[in-house]
Amino acid sequence: MSDNKLLQRIKFDRNILAGKPIIRGLRIPVAMILELLAKGASNQEIMEDYPELEPEDIQAALFYAYYLVSQEEVVDRATAS
């Protein structure tokens, strides 16, 4: 699936979760999917818990996170001592 098609799965609606990024207009926030993945949930486990999700939705959440980080402007940051 192309990058654009993945990003098109991410929607913003101020009437749903105060405009936070969600998957395809569902009440499933991108942040929740990323949190579940970060805590070790598999794609299969997530889709079992949220059967309305498609594999491309999880891929879209990851790509959206990548996209945000890749666009981040690097400023002078303090380094750990």
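Is Asp57 buried or exposed? Asp57 is buried, because its relative accessible area is 0%, and buried means under 20%. The views below come from a predicted model.

**View 1. Asp57 sits in helix H4.** The side chain of Asp57 makes a polar contact with the side chain of Arg9, at 2.8 Å. Other contacts come into this view too. Setting aside neighbours within four places in sequence, Asp57 is in contact with Arg9, Ile23, Arg24 and Glu52.

**View 2. Helix H4 runs from residue 55 to residue 70.** The helix has 16 residues. At 1.5 Å a residue, H4 should span 22 Å. The C-alpha atoms at its ends are 23 Å apart, which agrees. Which residues of H4 are buried? They are Asp57, Ile58, Ala60, Ala61, Phe63 and Tyr64. Several elements help to cover these buried residues. Among them are the helices H1 (3-8), H2 (30-38) and H3 (43-49). The strands E1 (10-11) and E2 (22-23) are also included in this cover.

**View 3. The largest nonpolar core holds 14 residues.** Which of these residues touch the most other members? They are Ile10, Ile23, Val30, Ile33, Leu53, Ile58 and Ala61. H2, H3 and H4 each supply at least two residues of this core. The largest share, five residues, comes from H4.

**View 4. Ile10 is one of the core residues that touch the most other members.** Look at the partners of Ile10, leaving aside neighbours within four places in sequence. Ile10 is in contact with Pro21, Ile22, Ile23 and Val30. The list for Ile10 also includes Ala60, Ala61 and Tyr64.

**View 5. Phe63 and Tyr66 form an aromatic pair.** The structure holds two aromatic pairs. In the pair shown here, Phe63 and Tyr66 are tilted. Their rings lie 5.4 Å apart, centre to centre, with 50° between the planes. Why is this pair called tilted? The angle of 50° is neither under 30 degrees, which would count as stacked, nor over 60, which would count as edge-to-face, so the pair is tilted. Both residues lie in helix H4, three residues apart, about one turn of the helix. An α-helix has 3.6 residues a turn, so residues three or four places apart point the same way. Phe63 counts as buried, because its relative accessibility is 15% and the limit is under 20%.

**View 6. Ile16 lies in the loop between E1 and E2.** Ile16 counts as buried, at 13% relative accessibility. Leaving aside neighbours within four places in sequence, Ile16 is in contact with Ile22, Gly25, Leu26 and Arg27. Take Ile16 and Leu26 as a pair. They are 10 residues apart along the chain, and 8.5 Å separates their C-alpha atoms.

**View 7. Leu17 has a positive phi, near 55°, and is not a glycine.** Leu17 is in the loop between E1 and E2. Leu17 counts as partly exposed, because its relative accessibility is 34%, in between 20% and 50%.

**View 8. Ala18 has a positive phi, near 55°, in a residue other than glycine.** Where is Ala18? Ala18 is in the loop between E1 and E2. Ala18 is exposed, because its relative accessible area is 69%, and exposed means over 50%.

How values were computed
Residues are numbered from 1 along each chain as its sequence is written. This is a predicted model: local features need pLDDT of at least 70, side-chain atom pairs count only at pLDDT 80 or more; totals for chains, interfaces and linings use all residues. Side-chain values use heavy atoms; hydrogens and water are left out. Helices (H or I, at least four residues) and strands (E, at least two) are DSSP runs, numbered from the N terminus. The expected span of a helix is 1.5 Å times one less than its number of residues. Buried means under 20% relative accessible area, exposed over 50%, partly exposed in between (1.4 Å probe, protein chains only). Contact means heavy atoms within 4.5 Å. A polar contact is a pair of N or O atoms within 3.5 Å; within protein, one must be able to donate a hydrogen and the other to accept it, and residues adjacent in sequence count only if both atoms are side-chain atoms. A nonpolar core is a set of buried Ala, Val, Leu, Ile, Met, Phe, Trp, Tyr and Cys residues joined through side-chain atoms within 4.5 Å. Rings of Phe, Tyr and Trp (its six-membered ring) pair if their centres lie within 6.5 Å; planes under 30 degrees apart count as stacked, over 60 as edge-to-face and the rest as tilted.
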